[in-house]
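Visitor: I would like a close look at a single part of this model. Could you take me through it and then outward to its surroundings?

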Amino acid sequence: MPPVLSVDDVSITYKTREGPVQAVRGASLSLDRGEIVALVGESGSGKTTLGLAVLRILPRNAEQVAGTIRFGREDIGAMDRRELQRIRGDQISMIFQDPIAGLNPVITVGQQVEEVITSHRDVDKREARERALEALNGMQLPDPSRIAKSYPGELSGGMCQRIMIAIATALDPQLLIADEPTASLDVTVQAQILYELERLRDERGTAILLITHDMGVVAQIAERVAIIYAGRMMEVDDVVPLYRQPRHPYTWALLDTLPRLDRRRARLRQIPGGLPDLQDDEIGAHCAYLSRCPKALSRCREDAEPPLSEVVGGRSGQRLACYNPVLEI
Ligand SMILES: Nc1ncnc2c1ncn2[C@@H]1O[C@H](COP(=O)(O)OP(=O)(O)OP(=O)(O)O)[C@@H](O)[C@H]1O
Ligand SMILES: [Mg+2]
């Protein structure tokens, strides 16, 4: 069985008036059926860009300039518009970072859930309505049938987020891209949403790419983590060993304040300095983390960016892009 999703050496550039922004450079990642993989990195590191590329819904000024993205055996880049429409929302769906922007303000939320069902399945109105209510019921909303008749503007951000999740999961997608699905929610609702995502994975085998800032969320439900920095994947590993022994100095810094798995709501710590300028021609000439790295060697200043490669003597699937990894903590 091929992985549900394979992202192979993908680079994405935005055209802007000030010049090209290299948002993602050489990203590789794969997800198997029933696997939850977290994509973690600070704001502006290219997480959403990569998620949008999987569905081929990048903004107009963006271009995937290299690499391939496969859904099972199918090359997403080679699909025509009809094939894309067939898989979007049905086999691959996405929970968007901004729940309000993802919903149509002038259509009731119940109708919006129904619409995704009727556009992909041969069902009559009554059955679509039943299935939509079922999807909303799964989201722990108070009085789902009343909420189905509401417009997005009448609901809180957290409720809209759950409607988006109901829409994204109504058709049992094989792959779900969840972009900060719990960012705007309080802790109890967040726990419910994470539970729903886990249930989807357990009961239906959905593969989930979970985009998040929240290392507590990662520890709760992901099996693997990909750490992304300035559009580059720095470290990919299973959650437990990565938390126990981060190898990349950036991962180490991210985890510095929460070395244990039992901290629930810890956020990414502020690391001194900022992301490099993604418009700089020099980007890629050396490791992107160089200016902030306490472990930088002269090699890091002289050599080209380290490739994301397997770790000698490491676990299968463990990959690292660093010349001077952290050995012991
Ligand atoms: N439409 C656009 N035009 C030009 N540049 C863009 C556009 N969208 C994003 N970018 C730039 O691409 C880079 C990656 O952005 P992206 O939104 O993918 O990051 P992110 O990791 O999702 O951040 P956040 O955690 O804040 O959501 C950033 O430098 C951002 O400014
Ligand atoms: Mg984003």
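Guide: Let's begin with Gly89, which counts as buried because its relative accessibility is 19%, under the 20% limit used for that class. This is a predicted model, so please read every value here as computed from it. Gly89 sits in the loop that runs between α2 (81-87) and β6. Leaving out residues up to four places away in sequence, Gly89 touches Val116, His120 and Leu171. As for Val109, it is 20 residues from Gly89 in sequence, and the two C-alpha atoms are 16 Å apart in space.

Following the chain from that loop brings us to β6, and with it to a sheet. This is an open sheet of 8 strands with mixed pairing, in the order β6-β7-β8-β3-β9-β10-β12-β11. Its edge strands are β6 (92-95) and β11 (309-310), each of which pairs on one side only. The partner of β6 is β7 (residues 175-179), and the two run in the parallel sense over 4 bridges. Within that pairing, Ile95 has Ala178 of β7 as its bridge partner.

Two helices pack on this sheet. Helix α1 (residues 47-54) touches β3 (36-40), β6, β7, β8 (207-212), β9 (224-229) and β10 (232-238), and its direction makes about 150 degrees with that of β7. Helix α7 (residues 187-204) touches β3, β6, β7 and β8, and its direction makes about 155 degrees with that of β8.

Helix α7 is also the place of Arg201. This arginine, Arg201, counts as buried because its relative accessibility is 12%. Setting aside neighbours within four places in sequence, Arg201 is in contact with Gly34, Glu35, Ile36, Thr206, Ile208 and Glu223.

Helix α1, for its part, leads us to the ligands. The magnesium ion (ligand 2) is coordinated by OG1 of Thr48 and OE1 of Gln97, at 1.9 to 2.4 Å. This pair links distant parts of the chain: Thr48 belongs to helix α1, while Gln97 lies in the loop between β6 and α3 (109-120), 49 residues apart. What class of accessibility does Thr48 fall into? Thr48 counts as partly exposed, because its value is 25%. Gln97 is partly exposed too, with a relative accessibility of 42%.

Both of these residues meet ligand 1 as well. Of the 16 residues around ligand 1, those that come nearest are Ser43, Lys47, Thr48, Thr49 and Gln97. In the case of Ser43, a side-chain N or O atom is 2.4 Å from an oxygen atom of ligand 1. For Thr48, a side-chain N or O atom is 2.8 Å from an oxygen atom of ligand 1. Gln97 places a polar side-chain atom 2.7 Å from an oxygen atom of ligand 1.

To finish, let's turn to some pairings near the start of the numbering. Strand β1 (residues 5-16) pairs with β4 (residues 62-71) in the antiparallel sense over 8 bridges, and there Ser11 stands opposite Ala66 of β4. Strand β1 also pairs in the antiparallel sense with β2 (residues 19-31), over 9 bridges. A hairpin joins β1 to β2 through 2 residues, and the bridge partner of Thr16 in β2 is Gly19.

Key:
Residues are numbered from 1 along each chain as its sequence is written. Chains are lettered from A and ligands numbered from 1 in the order in which they are written. This is a predicted model: local features need pLDDT of at least 70, side-chain atom pairs count only at pLDDT 80 or more; totals for chains, interfaces and linings use all residues. Side-chain values use heavy atoms; hydrogens and water are left out. Two strands pair if DSSP finds at least two bridges between them. Contact means heavy atoms within 4.5 Å. Axes are lines fitted to C-alpha atoms, for helices over the stretch in contact, and angles run from 0 to 180 degrees between N-to-C directions. Donors are N, O and S atoms within 2.8 Å of the metal (3.2 Å for Na, K and Ca); water is not among the atoms, so sites may look incomplete. Buried means under 20% relative accessible area, exposed over 50%, partly exposed in between (1.4 Å probe, protein chains only). A residue is near a molecule or strand if one of its heavy atoms lies within 4 Å of it. A polar contact is a pair of N or O atoms within 3.5 Å; within protein, one must be able to donate a hydrogen and the other to accept it, and residues adjacent in sequence count only if both atoms are side-chain atoms.
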